[in-house]
Amino acid sequence: MRLVPLLALVIALPVLAADKAPAAPATGTKIEIKVTENGFEPKEIKVKKGQPVTLSFLRTTDRTCIKAIDIPAEKVKGFELPLNKAVEVTITPAKAGVEKFHCTAMAMGDGKIVVSD
């Protein structure tokens, strides 16, 4: 008779384990962009319309005006880029074309997000 509860536990174990499984990863893409003395690296990234993309910025120098950025088409303004600390912003471009991003201070840097259908 001891075998029946043990057998029931063995059968139920996969179901119990499924409840503890980690959540599925979020959909979307992550793109790393460095801010160096040369500006944004890479200067141009390619994404798909309607798909979320996380932009991870890492400013590696203090010898640039790019200390905060704007992405006007995505209504991102004054997004701070602390020195030597990666920060992320997630956007979902709504239409195909080219979206620009640049430093908040002087609109410099000339980064491009090329959005395709």
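This report covers a sheet, the salt bridges, the cysteines and two strand residues of a predicted model.

## Basis of the values

The model is predicted, so local features need pLDDT of at least 70 and side-chain atom pairs count only at pLDDT 80 or more, while totals for chains, interfaces and linings use all residues. Residues are numbered from 1 along each chain as its sequence is written, and side-chain values use heavy atoms, with hydrogens and water left out.

## The four-strand sheet

Strands here are DSSP runs of E with at least two residues, numbered from the N terminus. Two strands are taken to pair if DSSP finds at least two bridges between them. Strands of a sheet pair through backbone hydrogen bonds, in either a parallel or an antiparallel sense. One open sheet has 4 strands in the order β2-β1-β4-β7, and its pairing is mixed. Its edge strands, each pairing on one side only, are β2 (39-41) and β7 (87-91). Ignoring direction, neighbouring strands of this sheet are turned by 30 degrees against each other on average; the axes behind this angle are lines fitted to C-alpha atoms.

Starting from the β2 edge, β1 and β2 pair in the antiparallel sense over 3 bridges, and a hairpin through 2 residues joins β1 to β2. Within this pair, Thr 36 stands opposite Gly 39 in β2. Strand β1 (residues 29-36) is parallel to β4, with 7 bridges between them; Lys 34 has Leu 58 in β4 as its bridge partner. Strand β4 (residues 53-59) pairs with β7 in the antiparallel sense over 5 bridges, and Leu 55 stands opposite Val 89 in β7.

## Salt bridges

A salt bridge is counted when a side-chain nitrogen of Lys or Arg lies within 4 Å of a carboxyl oxygen of Asp or Glu. The whole structure holds 5 salt bridges. One of them joins the side chains of Lys 30 and Glu 88, at 2.8 Å from N to O. Because Lys 30 lies in strand β1 and Glu 88 in strand β7, this pair ties together parts that are 58 residues apart in sequence. Glu 88 has a relative accessible area of 44% and is partly exposed (buried is under 20%, exposed over 50%, partly exposed in between, with a 1.4 Å probe and protein chains only).

Arg 59 forms a salt bridge with Asp 62, with the closest N and O atoms 3.0 Å apart. Asp 62 also meets the side chain of Lys 67 in a salt bridge, at 3.7 Å from N to O. Arg 59, Asp 62 and Lys 67 are thus joined into one network by salt bridges that share partners. Arg 59 is buried at 7% relative accessible area, whereas Asp 62 is partly exposed at 47% and Lys 67 is partly exposed at 35%.

## Cysteines

A disulfide is a pair of cysteine sulfur atoms within 2.5 Å, and a search of the whole structure finds 0 of them. The sulfur of Cys 65 has its closest cysteine sulfur in Cys 103, 3.3 Å away, which is too far for a bond. Cys 103 is likewise in no disulfide. Cys 65 counts as partly exposed at 24% relative accessibility, and Cys 103 counts as buried at 0%.

## Glu 99

Glu 99 lies in strand β8 (residues 97-103). Glu 99 is buried yet has no salt bridge, and the nearest side chain of opposite charge, that of Lys 95, is 7.6 Å away. For this purpose Lys and Arg count as positive and Asp and Glu as negative, while His and the chain ends are not counted.

Contact means heavy atoms within 4.5 Å. With neighbours within four places in sequence left aside, Glu 99 is in contact with Ile 71, Ala 73, Glu 74, Ile 91, Pro 93, Gly 111, Lys 112, Ile 113 and Val 115.

## Phe 79

Phe 79 is found in strand β6 (residues 76-80). Phe 79 and Thr 104 are 25 residues apart in sequence, and their C-alpha atoms are 8.1 Å apart. Thr 104 is also among the contacts of Phe 79 beyond four places in sequence; the others are Phe 57, Lys 67, Ala 68, Ile 69, Val 87, Glu 88 and Val 89.

Note on methods. Axes fitted to C-alpha atoms, helices over the stretch in contact; angles between N-to-C directions.
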